[in-house]
Amino acid sequence: EGGWAEDGKGESFWDWFGQQGHVHMNQTTNVACDSYHKIDYDIYLLRGLQSKLYKFSISWPRIFPTPQGVNYYNKLINSLLDSNTEPMVTLFHWDLPQTLQDLSGWQNESIIDTFADYADFCFATFGDRVKFWITFHEPWVISYAGYGTGQHPPGITDPGVASYKVAHSIIKVHAKAWHLYDDRYRSQQHGKVGIVLNSDWAEPKTPTSSEDVKAAERYMHFMLGWFAHPIFVNGDYPDILKSQIQQKNQQCSISVAILPSFSEEEKSIVKGTADFFGLSHYTSRLISTAVNDTCIPAYENVGNFSQHVDPSWPQTASSWIRVVPWGLRRLLKFVSQEYTGTRIPIYIARNGVPTEDGGDVINDMKRMDYFRLYINEALKAIKLDAVDVRTYIARSLIDGFEGPVGYSQLFGLHHVNFEDGNRQRTPKESAYFFSSITHTLLKAHAKVYHMYDGKYRVSQGLFL
């Protein structure tokens with residue numbers, strides 16, 4: 001959003017992280033894409049895409065303690081609705097107030113009640129117009145990168161203890177926020193509350209190797225099942241995750257990793273606390289087993305797997321994203337089989353690929369190919385595998401601040417000139433491509449509507 005210290009906004013720990021020089025080329029969040037001052041223009045860009053849904057996040061430190069931040073989000077929400085675009089609002093997309101981090105942030109269990117108060121305020125203030133709520137966006141990243149590798153703020157490197165403790169708190173916070181909405185607001189506001197979980201697809205490096213098949217399954221449960229199993233299955237961590245950590249600790253005769261446990265009461269509270277399964281996906285991995293005797297609490301070491309890529313998979317501007325479209329279809333089928341079935345829908349809540357800052361950033365043909373291929377795989381999952389997928393959300397409307405890599409990787413459908421004080425926006429070729437897709441879908445919808453209206457409505461009397 002930029003406007004990092006305007007109108008009473010408090011400091012977030014991403015503000016602090018950038019100002020401490022931990023981001024590419026010492027870049028900061030101070031101005032960013034400046035969406036704080038550009039609501040009208042960005043809504044204009046959305047109308048050009050004919051988008052029916054816009055996912056954005058509320059910055060926790062912007063709405064407390066002054067009302068100006070509330071005014072900003074009210075204007076954004078009202079402008080979206082005036083443009084026939086449904087707002088999908090994320091309560092926490094990594095933007096923790098620094099004042100809470102000074103009190104140990106997600107490692108301090110008092111944050112559970114503090115977040116519930118924040119969620120309560122947002123439901124009460126915006127819930128009359130917002131019908132889709134996301135409690136957390138990609139909690140795996142928060143736990144793993146913030147407290148495991150230290151690549152994200154608060155920069156803590158403690159993968160064996162802190163990352164699991166933080167994840168445990170986030171799951172309980174999410175559940176509390178869901179119940180709060182369910183108890184106080186659902187009957188009047190009629191909205192839905194869910195969570196967005198990120199996951200690669202894990203393909204066994206050698207499909208005929210039972211050990212690689214098991215390693216790929218462990219990978220999926222260390223990444224996705226860590227959060228999905230408690231929320232969508234039985235209120236507890238996957239048995240594979242628990243037994244693998246226990247086995248590693250026994251092998252090392254020390255607690256290499258400490259996975260907290262849920263009480264029986266907590267399990268009942270956590271289980272079933274989502275009205276949809278939000279899924280964020282970018283790429284896939286080849287996974288093999290990795291037998292070793294080291295007792296370092298690294299992610300791969302504890303999980304006993306190794307990650308690989310097929311050299312034939314196209315590279316992208318991001319070192320961790322390879323183009324593997326079929327992985328999305330397999331992941332969607334896995335999520336449906338393991339977690340959702342026919343009970344709740346899946347919302348693809350983030351998918352995309354960046355271009356590098358420099359060169360021809362407008363003619364992003366490779367990004368167009370990426371979107372086309374991945375959207376086709378999502379359609380295959382719907383049509384051929386009967387997976388209940390309701391949304392596809394592209395990352396993202398405009399270029400922005402991308403964490404530790406700053407502005408060096410550009411995910412937007414519209415280019416932002418970060419050297420220009422006005423932060424000029426320019427549509428990329430992918431914006432026109434995306435608009436053509438939505439235009440085609442809207443035409444198809446209209447054709448079906450008029451066909452029903454002309455042939456069946458009088459006899460059947462139904463709404464469409």
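**Figure 1. Packing of helices α10 and α11 in the predicted model.** Helix α10 spans residues 210-234 and helix α11 spans residues 239-252; their axes lie 9 Å apart and make an angle of about 110°. Angles of 65 to 115 degrees count as roughly perpendicular, so α10 is roughly perpendicular to α11. The crossing of α10 and α11 is left-handed. On the α10 side, the residues that meet α11 are Glu217, Arg218, His221, Phe222 and Trp226. Their counterparts in α11 are Ile240, Leu241, Gln244 and Ile245.

**Figure 2. Surroundings of Thr289 in strand β7.** Thr289 has a relative accessible area of 23% and is therefore partly exposed. Leaving aside neighbours within four places in sequence, Thr289 is in contact with Glu211, Asp212, Ala215, Arg218 and Asn304. One of these, Arg218, is also among the α10 residues that meet α11. Between the C-alpha atoms of Thr289 and Ser306 the separation is 6.1 Å, with the two positions 17 residues apart along the chain.

**Figure 3. The aromatic pair of Trp14 and Phe401.** The structure holds 49 aromatic pairs. In this one, Trp14 and Phe401 are arranged edge-to-face, at 5.9 Å centre to centre and with 80° between the planes. The pair links distant parts of the chain, 387 residues apart: Trp14 belongs to helix α1 (residues 13-19), whereas Phe401 is in the loop between β11 (389-394) and β12 (409-410). Both Trp14 and Phe401 are buried.

**Figure 4. The aromatic pair of Tyr282 and Trp320.** The rings of Tyr282 and Trp320 are edge-to-face, with 5.3 Å centre to centre and 80° between the planes. This pair, too, links distant parts of the chain, with its members 38 residues apart. Tyr282 is in the loop between β6 (277-280) and β7 (284-289), and Trp320 in the loop between β8 (305-308) and α14 (326-340). Tyr282 counts as buried because its relative accessibility is 5%. Trp320, at 38% relative accessibility, counts as partly exposed.

**Figure 5. Arg62 over the rings of Tyr36 and Tyr72.** The charged end of Arg62 sits over the ring of Tyr36, 4.1 Å from the ring centre. Arg62 also lies over the face of Tyr72, where the distance to the ring centre is 5.9 Å.

**Figure 6. An aromatic cluster that includes Trp60 and Phe136.** Tryptophans Trp60 and Trp106 form one aromatic cluster together with Phe64, Phe92, Phe115, Tyr118, Phe121 and Phe136.

How values were computed:
Residues numbered from 1 in each chain as written. Predicted model: local features only at pLDDT ≥ 70, side-chain atom pairs only at ≥ 80, totals over all residues. Heavy atoms only, no water. Phe/Tyr/Trp six-rings, centres within 6.5 Å; stacked < 30°, edge-to-face > 60°. Helix = DSSP H or I, 4+ residues; strand = E, 2+ residues; numbered from the N terminus. Buried < 20%, exposed > 50% of the residue type's maximum accessible area, 1.4 Å probe, protein only. Lys NZ or Arg CZ within 6 Å of the ring centre and 35° of its normal. Axes fitted to C-alpha atoms, helices over the stretch in contact; angles between N-to-C directions. Parallel < 35°, antiparallel > 145°, perpendicular 65-115°, else oblique. Left-handed = near helix turned anticlockwise from the far one by under 90°. Contact = heavy atoms within 4.5 Å.
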